[in-house]
Amino acid sequence: ILEGQHWVSRGFRGRGDLEFSGSLRLSGEWVGNIRSSSPQTQLHVMKGAMVAGGIQVPRLSVEGDLSDVDIEVDWLRVMAGGKVSGKIRSKVIIVEEGARIQGRVVTGDQSK
């Protein structure tokens, strides 16, 4: 059941380039680039997590804090309590009530 699912626990602090496939649930902090070219890849930034840097994944869900990021995704969902600031390029963006987005946003087919 858990094949292809990865977790980064609360309290973890990482830096550099992170490349993965499958699903990644990030509860800690990451400064640097996070990417995957696999079309089924999902990144979920959990409540309390923090990411600063570049994110290139097909699907991204945010409950935590993305600060000064450069995001290039196909699908982005910012959930209640989630905060995203920086440059955002996504074909689809879903922003729930209580979420915040600040920065340059490009959507639809022009996002690539």
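This passage describes the nonpolar core, a buried histidine, the salt bridges and a nonpolar surface patch of a predicted model.

The largest nonpolar core has 23 residues, and of these Leu-43, Val-51, Ile-55, Leu-60, Leu-66, Ile-71 and Val-84 touch the most other members. Two or more residues are given to this core by each of strand E3 (23-26), strand E4 (29-35), strand E5 (42-45), strand E7 (54-62), strand E8 (65-78) and E9. Among these elements, E8 gives the most, with six residues. In soluble globular proteins, nonpolar side chains tend to be buried together. The surroundings of Ile-55 may serve as an illustration: when residues up to four places away in sequence are not counted, Ile-55 touches Ile-34, Leu-43, Leu-60, Leu-66 and Ile-71, together with Asp-70, Glu-72 and Val-73.

Strand E5 also holds His-44, which counts as buried because its relative accessibility is 14%, below the 20% under which a residue is called buried. The side chain of His-44 is joined to that of Glu-63 by a polar contact of 2.7 Å. With residues up to four places away in sequence again left out, the residues touched by His-44 are Leu-24, Arg-25, Leu-26, Ser-61, Glu-63 and Met-79.

Four salt bridges are present in the structure. Side chains of opposite charge can pair when their charged atoms come close. One of the four is formed by Arg-13 and Glu-29, whose closest N and O atoms are 3.6 Å apart. Because Arg-13 lies in strand E2 (residues 13-19) and Glu-29 in strand E4, this pair ties together parts that are 16 residues apart in sequence. The two partners are described by separate accessibility values: Arg-13 is exposed, with a relative accessible area of 65%, whereas Glu-29, with a relative accessible area of 29%, is partly exposed.

A salt bridge also joins Arg-89 to Asp-70, with 2.8 Å between the closest N and O atoms. Distant parts of the chain are linked by this pair, since Arg-89 belongs to strand E9 and Asp-70 to strand E8, 19 residues apart. Arg-89 counts as buried at 15% relative accessibility, while Asp-70 is partly exposed, with a relative accessible area of 34%.

In the salt bridge between Arg-77 and Glu-96, the closest N and O atoms are 2.4 Å apart. Arg-77 lies in strand E8 and Glu-96 in the loop between E9 and strand E10 (100-107), so that parts 19 residues apart in sequence are tied together by the pair. Both partners are partly exposed, the relative accessible area being 29% for Arg-77 and 25% for Glu-96. In addition, salt bridges that share partners join Asp-70, Glu-72 and Arg-89 into one network; Asp-70 and Glu-72 are also among the residues that Ile-55 touches.

At the surface, Val-95, Ile-101 and Val-105 make a nonpolar patch of about 200 Å². Val-95 has its place in strand E9 (residues 83-95). With a relative accessible area of 43%, Val-95 is partly exposed, and this value therefore satisfies the requirement of over 30% relative accessible area that applies to residues of a patch.

Technical notes:
Residues are numbered from 1 along each chain as its sequence is written. This is a predicted model: local features need pLDDT of at least 70, side-chain atom pairs count only at pLDDT 80 or more; totals for chains, interfaces and linings use all residues. Side-chain values use heavy atoms; hydrogens and water are left out. Patches are made of residues with over 30% relative accessible area and no salt bridge: like charges are joined within 9 Å, nonpolar side chains (Val, Leu, Ile, Met, Phe, Trp, Tyr) within 5 Å. Accessible areas come from the Shrake-Rupley method with a 1.4 Å probe; for residues, only the protein chains shown count as cover. A salt bridge is a side-chain nitrogen of Lys or Arg within 4 Å of a carboxyl oxygen of Asp or Glu. Helices (H or I, at least four residues) and strands (E, at least two) are DSSP runs, numbered from the N terminus. Buried means under 20% relative accessible area, exposed over 50%, partly exposed in between (1.4 Å probe, protein chains only). A nonpolar core is a set of buried Ala, Val, Leu, Ile, Met, Phe, Trp, Tyr and Cys residues joined through side-chain atoms within 4.5 Å. Contact means heavy atoms within 4.5 Å. A polar contact is a pair of N or O atoms within 3.5 Å; within protein, one must be able to donate a hydrogen and the other to accept it, and residues adjacent in sequence count only if both atoms are side-chain atoms.
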